[in-house]
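Here is my note on the model you sent round. Please read it with the coordinates open.

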Amino acid sequence: MANTKTNGNPRNIRGMSKTLYLTQLALLTAVMFVFELTGIGYIPIPPLTLSIMALPVVIGAVTMGKGAGVTLGFVFGVTSMMQCFGKNLLGTFLFSSFPLRTIAVNVGVRILVGFFTAVLYEFYKKHDKRGYWSYIAAGATCALLNTILYMGALALIFGAVPEVQEAFLIPSGELVSIGTFFLIAMGIVLINAIVEAVVSAVAGGTLAKVLDKLVNKNK
């Protein structure tokens, strides 16, 4: 991470002091684990879950940049892996049968989500001179990226596994192609994806805007 100095105090490229950066990162990480441990971060709706874990990722990616987005995406992935120990039936099956590939999907995808949310927010910001819509767009983007990338990875890596297809209501013995499975799975999770996008856009975008304004005010 590149650093600059203002009045002798080291600051990152977003103008945030190192102490504030690390404090905010630690708080958002703690919030994610609280979400997971209390059960409010993942609401079971078989075969998947309705998740609000993208909210801290949005806030970090917007207010602190790509490094924080990647870090919080990793934490998101870790909490997702925690679901694979009996909390989510499909996740538990995949981890017990294909542990390395399951880690790659759950953790790798979420790292990409955090990174691209930060990158796309910077793009939105350049075209949102008054700061009206870029935060909301970043929130919606984070949730949609999480759904699309996760389902894409799930289809690509596990789409030919019979148990996975059966979890998405495809009858046993009637296996479909990976592409068809992806379309069917996306159709099943469509409502979840819309709800997550709305929540992330409104709640995540609003909180990110408030914190970003506070950080800029205190530079």
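The points below go from the whole chain to single residues.

1. **Basis.** This is a predicted model: local features need pLDDT of at least 70, side-chain atom pairs count only at pLDDT 80 or more, and totals for chains, interfaces and linings use all residues. Residues are numbered from 1 along each chain as its sequence is written, and side-chain values use heavy atoms, with hydrogens and water left out.

2. **Fold.** The chain has 9 helices and 4 strands. Helices (H or I, at least four residues) and strands (E, at least two) are DSSP runs, numbered from the N terminus. Read from the N terminus, the order is β-β-α-β-β-α-α-α-α-α-α-α-α.

3. **Contacts and surface.** A contact means heavy atoms within 4.5 Å. Take the contacts in the chain with a separation of 6 or more: 67% of them join residues 24 or more positions apart. The exposed area of the chain is about 10900 Å², and carbon and sulfur atoms supply 72% of it. Accessible areas come from the Shrake-Rupley method with a 1.4 Å probe; for residues, only the protein chains shown count as cover.

4. **Burial.** The chain has 219 residues, and 47% count as buried. Buried means under 20% relative accessible area, exposed over 50%, and partly exposed in between (1.4 Å probe, protein chains only).

5. **Core.** A nonpolar core is a set of buried Ala, Val, Leu, Ile, Met, Phe, Trp, Tyr and Cys residues joined through side-chain atoms within 4.5 Å. The largest one here has 44 residues, and Met 151, Val 164 and Phe 168 have the most contacts inside it. At least two residues of this core come from each of H1 (18-38), H2 (54-64), H3 (66-82), H4 (89-97), H5 (99-127), H6 (134-158), H8 (178-188) and H9 (190-217). H6 gives the most, with 10 residues. In soluble globular proteins, nonpolar side chains tend to be buried together.

6. **Cavities.** How many cavities of 30 Å³ or more does a search of the whole structure find? It finds 2. On a 1 Å grid over the protein atoms alone, a cavity is a set of points where a 1.4 Å probe fits but cannot get out; lining residues have an atom within 4 Å of a point. Grid points are joined across faces, edges and corners, and a volume is the space filled by probe spheres set on the points.

7. **Second largest cavity.** This cavity holds about 30 Å³ of space. Its lining is Ser 51, Ile 52, Met 53, Ala 54, Phe 76, Ala 143, Asn 146 and Glu 196. By class, that is 5 nonpolar, 2 polar and 1 charged residues. Ala, Val, Leu, Ile, Met, Phe, Trp, Tyr, Cys and Pro count as nonpolar, Asp, Glu, Lys and Arg as charged, and the others, Gly among them, as polar.

8. **Asn 146.** This lining residue sits in helix H6. Asn 146 counts as buried, at 7% relative accessibility. Leaving out residues up to four places away in sequence, Asn 146 touches Phe 76, Arg 110, Val 113 and Glu 196. Ala 54 is 92 residues away in sequence, yet the C-alpha atoms of Asn 146 and Ala 54 are 7.9 Å apart.

9. **Val 57.** Val 57 belongs to helix H2. Its relative accessible area is 0%, so Val 57 is buried. Beyond four places in sequence, Val 57 touches Met 32, Gly 69, Leu 72, Gly 73, Phe 76, Gly 114 and Cys 142. The C-alpha atoms of Val 57 and Ile 111 are separated by 9.8 Å, with the two positions 54 residues apart along the chain.

10. **Thr 102 and Ile 103.** Thr 102 is in helix H5, and so is Ile 103. Thr 102 is buried, with a relative accessible area of 2%; Ile 103 is partly exposed, at 35%. Not counting residues up to four places away, Thr 102 touches Met 81, Cys 84, Leu 94, Phe 95 and Phe 158. On the same basis, Ile 103 touches Met 81, Phe 95 and Gly 108. The C-alpha atoms of Ile 103 and Met 81 are 7.0 Å apart.

11. **Leu 169.** Please check the backbone here. Leu 169 has a positive phi of about 70° although it is not a glycine. Leu 169 lies in the loop between helix H7 (162-167) and H8. Its relative accessible area is 71%, so Leu 169 is exposed.

Key:
On a 1 Å grid over the protein atoms alone, a cavity is a set of points where a 1.4 Å probe fits but cannot get out, and a pocket is an open set with protein on both sides within 12 Å along at least five of seven lines; lining residues have an atom within 4 Å of a point.
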